[in-house]
Amino acid sequence: MEISRFLADENSTLKMGAELALVLHPGLVIYLSGDLGAGKTTLVRAILRGLGYMGKVKSPTYTLVELYVVSSLNLYHFDLYRFADPEEWEGSGFREYFNPATVCLVEWPEKATGFLPPADVEIRLQIQDDGRGVTLVAITEAGRQCLNRLQNMHAI
Ligand SMILES: Nc1ncnc2c1ncn2[C@@H]1O[C@H](COP(=O)(O)OP(=O)(O)O)[C@@H](O)[C@H]1O
Ligand SMILES: [Mg+2]
């Protein structure tokens with residue numbers, strides 16, 4: 001299952017994040033891919049806003065991961081752009097962050113291919129004219145259920 005939309009401006013990205021926030025549940029792994037500036041961090045920020053998190057959401061460029069505890073979710077935001085050393089994966093304890101009690105949103109998943117647990121949903125963002133194209137792809141049954149709920153929001 002796949003959903004594609006055009007996000008004409010940042011406000012559309014914020015709305016999409018707010019909708020995604022409503023369908024998240026513990027155990028989900030979501031990959032965000034797309035070039036620098038495609039809007040991955042903006043979408044994560046929008047999801048966190050949707051969950052009610054009002055604090056700062058910085059891109060975890062150097063720390064690689066940031067934990068947010070909000071709306072009874074433990075949400076890990078990874079930015080693996082600078083992830084280079086495979087041995088770092090074991091030493092970092094990142095593996096344990098992926099478990100049935102957490103939601104993991106991962107920017108630059110391709111930087112940790114072979115280590116990263118598989119995604120339930122892949123979100124692909126692309127610069128398109130002045131806006132962004134987004135495609136959400138369900139990989140697992142849990143992911144498909146999420147996207148179904150997302151789609152049904154629009155049917156109402
Ligand atoms: N739908 C959109 N249309 C136009 N600009 C957007 C949209 N969504 C986000 N942006 C802008 O694009 C940039 C995306 O930056 P960022 O989210 O940091 O990208 P990434 O994390 O993919 O590198 C920001 O300047 C943001 O304001
Ligand atoms: Mg980013």
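**Helix α2, its packing and the magnesium site**

In this predicted model, the contact between the helices α1 and α2 is formed on one side by E10, T13, L14, M16, G17, A18, L20 and A21 of α1, which meet T42, L43, A46, I47, G50 and L51 of α2. The axes of α1 and α2 lie 7 Å apart and make an angle of about 55°. This angle makes α1 oblique to α2. As for handedness, α1 and α2 cross in the right-handed sense.

The geometry of α2 itself can be checked against expectation. With 12 residues at 1.5 Å a residue, α2 should span 16 Å, and the 17 Å between its end C-alpha atoms agrees with this. Just after α2 comes G52, which takes a positive phi of about 105°.

How much of α2 is covered? The helix is mostly covered, with 9 of its 12 residues buried. These buried residues are K40, T41, T42, L43, V44, A46, I47, L48 and L51. The cover over them includes α1 (10-23), together with the strands β2 (29-33), β3 (65-70), β4 (73-79), β5 and β6. Among the buried residues of α2, L43, A46, I47 and L51 also belong to the group that meets α1.

One buried residue of α2, T41, leads to the metal site. Which protein atoms serve as donors to the magnesium ion (ligand 2)? They are OG1 of T41 and OE of E107, lying 2.1 to 2.2 Å from the ion. Because T41 lies in α2 (residues 40-51) and E107 in strand β5 (residues 102-107), the pair ties together parts that are 66 residues apart in sequence. Both donor residues, T41 and E107, are buried. Strand β5 thus appears in two roles: it carries the donor E107, and it is included in the cover of the buried residues of α2.

Beyond β5, the chain enters the loop that leads to β6 (121-128), and P117 is found in this loop. Is P117 buried or exposed? With a relative accessible area of 12%, P117 is under the 20% limit and therefore counts as buried. Leaving aside neighbours within four places in sequence, P117 is in contact with V29, Y31, W89, R95 and F98. Separation along the chain can also be set beside separation in space for P117 and L24: these residues are 93 residues apart along the chain, and their C-alpha atoms are separated by 17 Å.

Methods. Residues numbered from 1 in each chain as written. Chains lettered and ligands numbered in written order. Predicted model: local features only at pLDDT ≥ 70, side-chain atom pairs only at ≥ 80, totals over all residues. Heavy atoms only, no water. Donors = N, O, S within 2.8 Å, 3.2 Å for Na, K, Ca; no water. Helix = DSSP H or I, 4+ residues; strand = E, 2+ residues; numbered from the N terminus. Buried < 20%, exposed > 50% of the residue type's maximum accessible area, 1.4 Å probe, protein only. Contact = heavy atoms within 4.5 Å. Expected span 1.5 Å × (residues − 1). Axes fitted to C-alpha atoms, helices over the stretch in contact; angles between N-to-C directions. Parallel < 35°, antiparallel > 145°, perpendicular 65-115°, else oblique. Left-handed = near helix turned anticlockwise from the far one by under 90°.
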